[in-house]
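New to this structure? Have a look at it first, and then we'll walk through a few of its parts.

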Amino acid sequence: MARKVLVTGGCGYIGSHTVAELQRQGYDVVVFDNLVKGHHAAVTGAPVIVGDLLIPADVQAVFRAHPDISGVIHFAAYIEVGESMEQPGKYFQNNVQGCVNLLDGMDAAGVRHLVFSSTCAVYGTPQHVPVTEQESLKPESVYGVSKLMAEQVLGWYDRIKGIRHTALRYFNASGSSFDGRIGDAYKPASRLVPRLIEYLLGQRTDFVIYGDDYPTPDGTCIRDYIHVDDLATSHIAALNYLWGGGESMAFNLGTGAGSSNKEIVQMVREITGLDFKVAVGQRRPGDATRIWADNSRARQVLGWSPRYGLREILETDWQWHSTHPHGFDD
Ligand SMILES: NC(=O)c1ccc[n+]([C@@H]2O[C@H](COP(=O)([O-])OP(=O)(O)OC[C@H]3O[C@@H](n4cnc5c(N)ncnc54)[C@H](O)[C@@H]3O)[C@@H](O)[C@H]2O)c1
């Protein structure tokens, strides 16, 4: 019989792509989401339980209704770095207490395997690139700290309750599904590629690159963009690793290569056939010059490898955003 997987935040961007991949691979899926940022329409063919991780009774009800859940993938969190610096309590509550409530619900139900969405923001500005999991953990935002705190909570629930986890530290999640059905519907767009596409669709008046005087070949910052469908397969590999007896561990998930802001702009020009100007603004405080992942641990231990590069990311994002200029209808 197919194993049943609970996906918190499954109506969000990365969650909905992972739900689709789980379904493709034959898993039984239950989604839990409060729909504060997610969209019901992003999930088809799986039950969506509308509830809030901050309400313990909501969490307990899921495990009571589905006593056969054998693993949890935990995406539900708030994700905006800027907002986290203005409303820290909102982030500590949702991203840390929400995780605690989930773990207590799992413990009571006897569920012992959790795949957690972490982030490269736990490293802050790394000393070395490519970034390995041994890099020092020095987050520079409340968002990053809240994710690191959740990782530490997970460590204690392993020691005390025997709940094993993987902390998947994503680099820059991007791209949309190849069939054009789902994509990054997060509003207001916060990531670079959706912001650029919103500009091309006339939904914002300008698109700014922050700084072109960095010590990189073209002067702009370099990041590691990883296709959301590659992230989706990594979660299933991580669950199988845990089900196979793997110990709790953190994994960097990136392609292992970086792209500069200017490279992205140039490839978007090629893909869309549009010629456009971009503005150059001041550097933003705290923006690292260049970050990309050393993904060898995920390759070796999880047997995972990314299949897509920047072109597929930009093509699928352009397809999704240009056909869904306002996201989902709900
Ligand atoms: N997008 C990125 O580039 C990126 C990078 C690193 C890590 N992450 C992590 O990946 C995860 C998913 O990110 P995303 O980009 O898909 O964000 P998203 O906002 O699209 O998805 C999060 C989902 O969780 C739901 N949610 C939030 N709080 C909840 C609560 N208390 N109870 C129930 N549901 C709740 C939201 O409604 C939403 O559907 C997050 O944990 C984030 O920190 C994202």
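Here is a short tour of one helix and some ring contacts.

This is a predicted model, where local features need pLDDT of at least 70, side-chain atom pairs count only at pLDDT 80 or more, and totals for chains, interfaces and linings use all residues. Residues are numbered from 1 along each chain as its sequence is written, and side-chain values use heavy atoms, with hydrogens and water left out.

Start with helix α8, residues 261-272 (helices are DSSP runs of H or I with at least four residues, strands are E runs with at least two, numbered from the N terminus). In α8, Asn261, Ile264, Val265, Met267, Val268 and Thr272 are buried (under 20% relative accessible area; exposed is over 50%, partly exposed in between, with a 1.4 Å probe and protein chains only). Looking down the axis of α8, these buried residues fall within an arc of 170°, so they line one face of the helix (the arc is that of the directions from the helix axis to the C-beta atoms). Right after α8 comes glycine 273, with a positive phi near 75°.

Now for the rings: there are five aromatic pairs (rings of Phe, Tyr and Trp, using its six-membered ring, with centres within 6.5 Å; planes under 30 degrees apart are stacked, over 60 edge-to-face, the rest tilted). In one of them, tyrosine 27 and tryptophan 243 have ring centres 6.1 Å apart and planes at 35°, so the pair is tilted. Tyrosine 27 sits in the loop between α1 and β2 and tryptophan 243 in helix α7, so the pair ties together parts 216 residues apart in sequence. Both tyrosine 27 and tryptophan 243 are buried.
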